[in-house]
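Here are my notes on the aromatic rings and the nonpolar core. Have a look at the model, then read on.

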Amino acid sequence: MAFSYCKVFGKDKVIFATKEDHSTPSTIELPAPEPPQGLITKDGNINWSCPCLGGMATGPCGVDFRDAFSCFHYSEAEPKGSDCYEAFRKMQDCFQQYPTVYNKSNGGDDDDDALGDVMNSDSNTNIKDVDELTGGAGAAAAAAATDTHITTTNAVSKVE
């Protein structure tokens, strides 16, 4: 009859187990897996590690992006984000300094980045469903960034 034992090799601990050791079912219960966090944590903070940000929080303009996004997220202005003009302008200026990283004008814009499209627009644009993407404030921030006038209705914001 063989016996199981443990031997230490430097920093490693090796456990030799017998067939009898493995024949008994384990009695250890693992905790239920936690659901993955999204962009906003349960306590209302921003999860900068969220893959949905696509590395924006850590790129060359990461600090400016985090400042603008934080301003928008925590904004209590009406319409939401309308007090973040300077933060978004600074972020946009940074983006322009790194065109190879942040250039979306190459026609390969696969994502539905309505706010980004408005921020980079040279003309007045009708915004549809921006509220859906930004929690109701996208049109305000976009209009502020493009120096246009904004009107807000119950469900849809439009830039005039």
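1. Start with the core: the largest nonpolar one has 14 residues, and C61, F65, F88, M91 and F95 touch the most other members. A nonpolar core here is a set of buried Ala, Val, Leu, Ile, Met, Phe, Trp, Tyr and Cys residues joined through side-chain atoms within 4.5 Å. Two or more residues each come from α2 and α3 (85-97); helices are DSSP runs of H or I, at least four residues, numbered from the N terminus.

2. A word on provenance: this is a predicted model, with local features needing pLDDT of at least 70 and side-chain atom pairs pLDDT 80 or more, while totals for chains, interfaces and linings use all residues. Residues are numbered from 1 along each chain as its sequence is written, and side-chain values use heavy atoms, leaving out hydrogens and water.

3. Now the rings. Phe, Tyr and Trp (six-membered ring) pair if their centres lie within 6.5 Å; planes under 30 degrees apart are stacked, over 60 edge-to-face, the rest tilted. That gives four aromatic pairs. F65 and F69 are stacked, at 5.7 Å centre to centre and 25 degrees between planes. They sit about one helical turn apart because they are four residues apart in helix α2 (residues 62-74).

4. F95 and Y102 also stack, at 4.3 Å and 25 degrees. Both are buried, meaning under 20% relative accessible area with a 1.4 Å probe, protein chains only. Beyond residues up to four places away in sequence, F95 touches M56, C61 and Y102 (contact: heavy atoms within 4.5 Å).

5. Lastly, ring pairs link W48, F65 and F69 into a cluster.

Terms used: Buried < 20%, exposed > 50% of the residue type's maximum accessible area, 1.4 Å probe, protein only.
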